[in-house]
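Me: I would like to go through this model step by step, with each term explained as it comes up. Please keep the answers short.

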Amino acid sequence: MVDGTGSVRRLLVVDDERIQRLIVARAVEALGFQTDAAATLQEAADHLVRQRYDAVVLDLSLGEAEGISLLQGLRDAGGDPLVIFISRLDSRVRIAAMRLAAAFGLRVAGALEKPVAPAALRALLRTPPPRHADRDSTMTLAPTAEDLAGALDRGELCAEFQPKVALPDGRVVGVEALARWKRLGAAAVPPDVFIPIAEQNGLIEALTAQILQHALGACRRWRPGNPACSVAVNISPLVLTNANLPEYIDRLLQEAHLGPGALVAEITESSVIANPLIAAEVLTRLRIKGVSLSIDDFGTGHSSLLTLLRLPFSELKIDRSFISTCDTDPEAWKIVRATISMARELGLTVVAEGIETEEVAAKLRHAGCDIGQGWYFGRPMPEDALAAWMAARLVPAA
Ligand code: C2E
Ligand code: MG
Ligand code: MG
C-alpha cells in the first residue's frame with residue numbers, strides 16, 4: 001500500500017453511480033491505492049480540503065452537475081494529482097475535457113469510456129506523465145536577463161540542427177536551427193525559457209544574429225556534400241520590426257557564399273508584432289530577395305488565416321500538437337488533412353513537425369504532406385553530428 005517514498009497513495013473517485021465508484025476502487029487496489037469516493041461535487045470538494053490526492057478519477061456527468069466544474073478546485077488543492085476522466089459521452093467531449101484540464105495546468109493521464117475497463121485504468125495509472133515539479137525544475141533555475149546577456153557576450157549560445165525530410169522519397173531537404181544554451185556545470189536552459197527572456201529584455205536581436213551566423217556558416221560547411229540543403233532559422237516577431245533586417249541577412253548570406261535559397265525564415269505570428277506594417281514590409285522584401293518564409297506552429301492561435309493572406313509565405317508548418325495526436329485523436333487528424341489540402345491549394349510547401357513514429361510519417365505521406373520533421377527522422381543535433389547523420393544517410397543510396 002506504499003509507493004517508493006514510503007507513503008500511502010491516495011485516489012479520489014468522483015462519480016454519481018455507486019457501481020462505477022466500486023469498480024474504480026477495486027481496479028486500483030492492486031496498484032496500492034487507497035480510495036476515497038464522492039458522489040457529488042460538494043462531497044469531492046470536502047475531500048479535497050481534507051486530503052491531498054495522487055490521482056483523481058472524475059466522471060464528466062454528475063447528475064445535474066458537470067465534473068469539469070471541479071477542475072479549478074483540483075488545481076487549487078495542489079499536490080499535482082493525476083487526472084483521469086471517465087464518461088459515457090462521445091470521444092470529442094472526453095478529448096475537450098482533457099484539453100481543458102491541461103489548460104488549467106493539471107496533469108492529465110487520459111479519458112476512458114464508461115463502464116471503465118479496469119485494465120485500461122491501471123495502464124493509465126502505471127505510466128503517468130511527469131510531475132509538474134519535475135517539469136518545472138528547469139524553471140526554478142530560470143536565469144536572469146543578466147545571465148543571458150553574459151552568455152551572449154561569451155558566445156555560449158549556439159544552434160543545434162534538426163533534419164527536414166521529403167516524405168515522398170526520404171531526401172534531406174534542409175534543417176531547422178534551434179537555439180541552445182548550455183551552461184557549464186548547470187542544467188541546459190530550454191529555448192521556451194530563454195527566448196521570452198531575450199524578447200523581454202532587448203536581447204533577441206543579438207541572439208538571432210548569433211544563431212543566423214552559426215546556421216549559415218554550418219550550411220556553408222555542409223553544402224559540398226549536400227548542395228540542395230537549406231537552413232531554417234526562427235525569427236521572433238520583434239526582430240521583424242527592424243527595417244534593416246533584409247540587408248543584414250543579405251550581407252550574412254554573401255559572407256557565407258550562399259544564395260538566398262539557402263535560408264528559410266520561420267515566423268510564429270503573434271499579437272506582439274509591435275508594428276505589423278513594418279513586419280509585412282520586411283518579410284515581403286526578404287521574399288523578393290529569394291529567402292523562403294515559413295509560417296511556424298500553424299494552428300496554435302498565434303498563426304491565423306489572415307496572416308496567410310497578408311504575408312508572402314512559401315511554407316506552412318503544422319504545429320506539433322496536432323501531429324503528435326493525429327493517430328489517436330480523429331479530430332486532430334481531420335484538422336491536419338484539411339490544413340494539408342488548404343496549403344496545397346495556396347501553393348505552399350507543407351511541413352509536419354513532431355513526427356515521432358513511422359506510422360504517423362506514413363499517414364502524412366499518404367495525405368500529401370511534403371516534408372516531415374521530428375524525432376522519428378532525427379533529433380536536434382550539434383553541427384558535426386548532423387554532418388555525420390547526413391553522410392550516413394547518403395551511403396545506402398550510393
Ligand atoms: P519550433 O520552432 O516550433 O521548433 C520545434 C520544436 O519542436 C523544437 O523544440 C524541437 O526540438 C521540437 N521537436 C521537434 N521534433 C519533435 C518530436 O518529434 N517530438 C517532440 N517532443 N519535440 C520535437 P525546442 O528546440 O525546444 O524549441 C522550442 C521553440 O523555441 C521553437 O519551436 C521556437 O519557437 C523557439 N526557438 C528555438 N530556437 C529559436 C531561435 O533561435 N529564435 C527564436 N526566436 N525562437 C527559437
Ligand atoms: Mg520553428
Ligand atoms: Mg513549430
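Me: Is Lys-289 buried, partly exposed or exposed?
Reply: The relative accessible area of Lys-289 is 31%. A residue is buried under 20%, exposed over 50%, and partly exposed in between (1.4 Å probe, protein chains only). Lys-289 therefore counts as partly exposed.

Me: What kind of model is this, and what limits apply?
Reply: Residues are numbered from 1 along each chain as its sequence is written, while chains are lettered from A and ligands numbered from 1 in the order in which they are written. Side-chain values use heavy atoms, without hydrogens and water; local features need pLDDT of at least 70, side-chain atom pairs count only at pLDDT 80 or more, and totals for chains, interfaces and linings use all residues, since the model is predicted.

Me: How many helices and strands does the protein chain have?
Reply: Helices (H or I, at least four residues) and strands (E, at least two) are DSSP runs, numbered from the N terminus. The chain has 398 residues, of which 46% are buried, and its C-alpha atoms fill a box of roughly 70 × 50 × 45 Å along the principal axes. The count is 17 helices and 15 strands.

Me: Which residue forms a salt bridge with Lys-289?
Reply: Side chains of opposite charge can pair when their charged atoms come close. The term salt bridge is used for a side-chain nitrogen of Lys or Arg within 4 Å of a carboxyl oxygen of Asp or Glu. For Lys-289 the closest N and O atoms are 3.1 Å apart, and the partner is Asp-250.

Me: Where do the two partners lie in the chain, and how many residues apart are they?
Reply: At 28% relative accessibility, Asp-250 is partly exposed. The salt bridge of Lys-289 with Asp-250 has its closest N and O atoms 3.1 Å apart. This pair links distant parts of the chain, with Lys-289 in helix H12 (residues 276-289) and Asp-250 in helix H11 (residues 245-255), at a separation of 39 residues.

Me: Which parts of the chain does the salt bridge of Glu-266 and Lys-164 tie together?
Reply: Both residues, Glu-266 and Lys-164, are buried. Their side chains meet at 3.9 Å, N to O. The bridge ties together parts 102 residues apart in sequence, because Glu-266 lies in strand E11 (residues 263-267) and Lys-164 in strand E8 (residues 157-166).

Me: Which residue pairs with Glu-176 in a salt bridge?
Reply: Glu-176 is buried, at 3% relative accessible area, and its partner is buried at 0%. The closest N and O atoms are 2.8 Å apart, and the partner is Lys-317.

Me: How many salt bridges does the structure hold, and which residues are linked in a network?
Reply: The structure holds 24 salt bridges. The residues linked in a network are Lys-164, Glu-176, Glu-266, Glu-315, Lys-317 and Glu-353.

Me: Which residues are the protein donors of the magnesium ion (ligand 2)?
Reply: Donors are N, O and S atoms within 2.8 Å of the metal (3.2 Å for Na, K and Ca); water is not among the atoms, so sites may look incomplete. Along the chain the donors of this ion follow the spacing E-x57-N-x31-E-x29-D. They lie 2.0 to 2.3 Å from the ion and are Glu-176 (OE), Asn-234 (OD1), Glu-266 (OE) and Asp-296 (OD).

Me: Which residue coordinates both magnesium ions?
Reply: The protein donors of the magnesium ion (ligand 3) are Asp-296 (OD), Asp-297 (OD) and Glu-353 (OE), at 1.9 to 2.4 Å. Among these, Asp-296 in strand E12 (residues 292-298) and Glu-353 in strand E14 (residues 349-353) are 57 residues apart, and both are buried. The magnesium ions (ligand 2 and ligand 3) are 4.1 Å apart, and both are coordinated by Asp-296.

Me: Which helix gives the most residues to the largest nonpolar core?
Reply: A nonpolar core is a set of buried Ala, Val, Leu, Ile, Met, Phe, Trp, Tyr and Cys residues joined through side-chain atoms within 4.5 Å. The largest one has 78 residues, and Phe-161 and Leu-364 have the most contacts inside it. Nine of its residues come from helix H10 (residues 204-222).
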